[in-house]
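Please open the structure in your viewer and keep the sequence panel beside it. The stops below say what to select next and what is there.

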Amino acid sequence: MYALTPTLRRSAAALTHSKNHGMTPGPLALLPPIYLYRRLLRAHRKYLPREMRLLGDEYVKAEFRAHRSVDNPAHLIGFLTEWQLYAQKIEGNSWVGEKLDKGKVEKMSDEQIGQLYELMQAIQKRGTEGDLEDGDGGESGQKSQ
């Protein structure tokens with residue numbers, strides 16, 4: 001899948017090295033792509049509801065497939081780091097209700113913003129389909145008294 005060259009390993013170590021001199025725990029070491037990919041799918045299976053898991057699995061698979069031939073070490077390290085942080089949030093259930101970091105959104109390319117918008121639409125569509133399956137048809141609009 002991806003090859004972690006010695007240069008890439010050194011770059012990853014430099015980025016993930018703790019600068020706090022042992023006072024607080026530093027970030028975890030960067031996982032190799034195949035292990036991270038498997039961890040993500042396991043986390044989805046264990047911690048997410050079925051509908052969210054299916055959507056998440058599709059997205060993870062598409063993203064890892066799209067980044068299979070990335071040669072830029074900085075881009076690859078950023079990609080793996082963000083997915084590893086995502087896995088930690090899923091496993092710790094700290095993602096519920098969390099908003100995107102404004103700084104990260106500002107750094108996104110137009111293509112990434114487009115992907116984020118498509119993901120939002122897919123989530124909303126699946127939510128609407130779930131409401132229809134619950135039996136009210138989404139049309140009642142009446143509050144029970």
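## Helix α4 and its two sides

Begin by selecting residues 73-92, which form helix α4, a stretch of 20 residues that reaches 28 Å from its first C-alpha to its last, close to the 28 Å expected at 1.5 Å a residue. Please bear in mind throughout that this is a predicted model.

With α4 still selected, highlight its buried residues, which are Leu76, Ile77, Phe79, Leu80, Trp83, Gln84, Ala87 and Ile90. If you turn the view to look down the axis of α4, these buried residues fall within an arc of 160°, so they line one face of the helix. On the face turned away from that buried side, α4 carries the exposed residues Ala74 and Gly92.

Next, look at the two ends of this helix. Asn72 caps the N-terminal end of α4, with a side-chain oxygen lying 3.0 Å from the backbone nitrogen of Ala74. Just after α4, at the other end of your selection, Asn93 takes a positive phi of about 60°.

One more residue of α4 deserves a stop, namely Glu82. Is Glu82 linked to another side chain, and if so, which residue does a polar contact of 2.9 Å join to the side chain of Glu82? The partner is Lys104, while Glu82 itself counts as partly exposed at 38% relative accessibility.

## Helices α2 and α3

Now select residues 33-47, helix α2, together with residues 50-66, helix α3, and compare the axes of the two, which come within 9 Å and cross at roughly 170°. That angle makes α2 roughly antiparallel to α3. To see the contact, show the side chains of Pro33, Leu36, Tyr37, Leu40, Leu41, His44 and Arg45 of α2, and with them Arg53, Gly56, Asp57, Val60, Lys61 and Phe64 of α3.

Stay with His44, which has its place in α2, and ask whether this residue is buried or exposed. His44 is buried, with a relative accessible area of 0%. Leaving aside its neighbours within four places in sequence, His44 is in contact with Arg53, Gly56, Asp57, Val60 and Tyr86.

Then select α3 alone, whose 17 residues should span 24 Å at 1.5 Å a residue, and whose end C-alpha atoms are 24 Å apart, which agrees. The buried residues of α3 are Leu55, Gly56, Asp57, Val60, Glu63 and Phe64.

## From α3 across to α6

Keep Leu55 highlighted and add Ala122, which is found in helix α6, residues 110-133. Ala122 and Leu55 are 67 residues apart in sequence and yet 8.0 Å apart in space, C-alpha to C-alpha. Leu55 is among the buried residues of α3, whereas Ala122 counts as partly exposed, at 24% relative accessibility.

## The whole chain

Finally, clear the selection and view the protein chain in full, where the secondary structure comes to 6 helices and 0 strands. Followed from the N terminus on, the elements run α-α-α-α-α-α. If you colour the chain by accessibility, bear in mind that, of its 145 residues, 20% count as buried. How much of the contact pattern joins residues 24 or more positions apart? Such pairs account for 64% of the contacts in the protein chain with a separation of 6 or more.

Conventions. Residues numbered from 1 in each chain as written. Predicted model: local features only at pLDDT ≥ 70, side-chain atom pairs only at ≥ 80, totals over all residues. Heavy atoms only, no water. Helix = DSSP H or I, 4+ residues; strand = E, 2+ residues; numbered from the N terminus. Expected span 1.5 Å × (residues − 1). Buried < 20%, exposed > 50% of the residue type's maximum accessible area, 1.4 Å probe, protein only. Arc of directions from axis to C-beta. Polar contact = N/O pair within 3.5 Å; in protein donor to acceptor, adjacent residues only side chain to side chain. Contact = heavy atoms within 4.5 Å. Axes fitted to C-alpha atoms, helices over the stretch in contact; angles between N-to-C directions. Parallel < 35°, antiparallel > 145°, perpendicular 65-115°, else oblique.
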